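Me: Could you take a close look at one part of this model for me? I'd like the strands first, then whatever they sit against.

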Amino acid sequence: MRIAALDQGTTSTRVLVVTPNGNADIQLALRHQQHHPHPGWVEHDPLELLNNLQRCLEATGRVDAIGLANQGESCLAWDARTGEPLSAVIVWQDNRTAAEIERLRAEGGERLTLERAGLPLDPYFSAAKLAWILRNLPAARRAQRAGRLRLGTTDAYFLDRLTGVFATDVTTASRTSLMNLATGQWDPQLCELFGVPIEALPEIRDTVGGFGEIGATPVTAAIVDQQASLYGHGCRNPGDAKITFGTGAFALTLTGEQIIRAPEKGLLATIAWQIGGKPQYAMDGGVYDASAAVEWAGRLGLFSDFSELAAFDTAPAISRRLAFVPALSGLACPHWDRSAAGLWLGMDASTRREDLCQALLEGVALRSAEVIGAMDGFLNVTDRLSIDGGLARSPYFAQFLADALQRCIVTQRFDELTSFGCAALAAKGLGLELKPPRNTSTEFRPRACAQEARQWRETFADAVRRCRDWR
């Protein structure tokens with residue numbers, strides 16, 4: 001028995017093949033281009049992504065089931081009859097709808113999105129992007145008049161093209177601002193608020209179930225990448241949490257059958273997964289720029305190889321009042337402020353590029369600490385926090401995060417946990433339980449005292465205040 005998990009992410013597409021005895025191997029990983037046609041815009045070519053998925057499928061050989069993990073809030077339009085894309089993929093980081101979001105907020109629209117979708121008004125989510133497509137792209141309007149318009153997140157496009165099934169799963173739909181969190185269905189009032197035709201949206205299905213076949217192989221699960229990661233980390237009980245440090249940093253804490261709404265803290269209520277019609281909910285808090293900030297620093301020439309970020313020969317930069325706020329795309333949880341800008345603060349003539357890199361890693365960790373701190377006010381978040389993603393490979397970063405949070409931080413040698421979670425859910429569609437992959441974990445326990453960590457967080461909070469209202 002072999003299960004394939006297609007993980008279509010922000011910077012790459014990969015496929016993991018898992019067997020019930022715990023073997024798990026990436027068969028192929030392909031990077032794709034990021035397009036920035038205007039300041040604040042981020043796009044992908046949908047045909048490039050689709051081609052990369054097809055190449056990944058070809059690399060798997062024979063498999064018994066397929067799962068699909070997707071970017072979440074990235075979305076597009078396409079023609080129902082021909083499958084031709086009618087827009088680029090507008091990526092979750094894209095900020096082009098900021099003015100429209102502010103208009104909706106001024107008109108009181110956020111009350112409805114918080115009440116129905118559990119989400120604040122923000123360009124991050126799909127709804128305003130889909131409305132932008134209709135307002136600005138004549139091809140989309142022509143398709144709507146002809147009754148051929150399809151609007152959706154990337155998973156719906158891929159499933160439509162690969163299996164002929166026009167559907168999305170409930171976790172992905174919960175990231176659009178168009179789904180009613182309580183009913184798990186598209187909400188007519190939310191669609192009207194944003195100007196998105198409800199008839200152009202895909203059917204919402206359980207996370208585990210039937211999503212058609214690719215060739216003769218059933219697609220038995222579809223899910224947002226961060227929720228797949230939560231499942232892959234083994235989180236099953238309320239309070240279990242993980243942080244994935246990919247392009248952004250995304251913390252999720254399972255809340256079970258309880259929907260926790262905390263808009264005043266900038267936390268999002270979302271669906272972790274739904275199996276057999278029974279939703280499991282989660283609290284979500286994001287940091288827009290994590291590895292994206294590190295890659296940006298690399299392009300600036302601050303370091304030449306990631307190994308340079310493994311250790312530093314000085315005390316933490318924040319203890320020397322050198323801070324970096326990773327707000328290159330603004331601030332997400334708990335601030336939700338797109339006016340904020342990236343900021344280094346505390347430099348003098350002796351500051352070295354190594355110091356700037358150290359402050360950058362600490363800034364991502366301290367932003368993540370803000371998110372977990374907000375979650376702590378609502379339930380007992382685990383004191384043993386599992387992390388994955390590129391930054392988790394830096395021992396300095398993991399240790400600093402443990403110190404800042406005053407928690408045990410656990411990293412895994414096998415870090416394809418998003419793909420594994422997707423594969424495990426796909427296996428459930430066949431009635432199978434996958435064993436966790438053979439793995440070695442490393443624990444980082446706090447070395448700094450609680451008072452020192454609190455001082456770091458207070459210094460960083462001052463830096464965050466200074467970066468706001470800049471744009």
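Reply: Let's begin with the terms: strands (E, at least two residues) and helices (H or I, at least four residues) are DSSP runs numbered from the N terminus, and two strands pair if DSSP finds at least two bridges between them. Keep in mind that this is a predicted model, where local features need pLDDT of at least 70 and side-chain atom pairs count only at pLDDT 80 or more, while totals for chains, interfaces and linings use all residues. Residues are numbered from 1 along each chain as its sequence is written, and side-chain values use heavy atoms, with hydrogens and water left out.

Now the sheet. Seven strands build an open sheet with mixed pairing, in the order β17-β18-β16-β15-β21-β22-β23. At its edges are β17 (268–275) and β23 (441–444), each of which pairs on one side only. From one strand to the next, the twist averages 30°; angles run from 0 to 180 degrees between N-to-C directions, with axes fitted as lines to C-alpha atoms (for helices, over the stretch in contact).

Look at the β23 edge. There, β23 pairs with β22 (residues 408–412) in the antiparallel sense over four bridges, and Q412 stands opposite S441 in β23. Helix α12 (residues 395–405) packs on this sheet, touching β15 (241–245), β21 (384–389), β22 and β23; contact here means heavy atoms within 4.5 Å. The direction of α12 makes about 155° with that of β22.

Where does that put us in the chain? The domain assignment (automatic or from a database) gives domain 1 as 3–226 and domain 2 as 235–470. Taken over C-alpha atoms, the centres of domain 1 and domain 2 are 24 Å apart, and the contact takes 52 residues from domain 1 and 43 residues from domain 2.

Between them, domain 1 and domain 2 bury about 3900 Å², with 62% of that on carbon and sulfur atoms. Buried area is the accessible area (1.4 Å probe) that two parts lose on being put together, summed over both. L181, V208 and Q226 supply 17% of the area domain 1 buries against domain 2, more than any other three residues.

What about charges and polar groups? Three salt bridges are counted between domain 1 and domain 2, a salt bridge being a side-chain nitrogen of Lys or Arg within 4 Å of a carboxyl oxygen of Asp or Glu. Elsewhere in your view, D122 and R338 meet through their side chains in a salt bridge, at 3.3 Å from N to O. Across the interface of domain 1 and domain 2 there are also 15 residue pairs in polar contact, both residues at pLDDT 80 or more. A polar contact is a pair of N or O atoms within 3.5 Å; within protein, one must be able to donate a hydrogen and the other to accept it, and residues adjacent in sequence count only if both atoms are side-chain atoms.

The elements giving two or more residues to the side of domain 1 that touches domain 2 are β1, β2, β3, β5, α3 (110–117), α7 (170–173), β14 and α9 (225–232). The most comes from β5, with five residues.

Several of those names return in another open sheet, six strands in the order β3-β2-β1-β5-β14-β13, again with mixed pairing. Its edges are β3 (24–31) and β13 (213–214), each with a single partner strand, so one side of each has no neighbour in the sheet. β13 pairs with β14 (residues 217–224) in the antiparallel sense over two bridges, and E213 has P218 in β14 as its bridge partner. Helix α13 (residues 417–428) lies across β1 (3–8), β2 (12–18), β5 (65–70) and β14, at about 135° to β1.

One last stop is the loop between β19 (323–325) and β20 (343–345), where P334 sits. The peptide bond from C333 to P334 is cis, with omega near -5°. W336 is in the loop between β19 and β20 too, and has a positive phi of about 50° although it is not a glycine. Most residues other than glycine have a negative phi, and most peptide bonds are trans.
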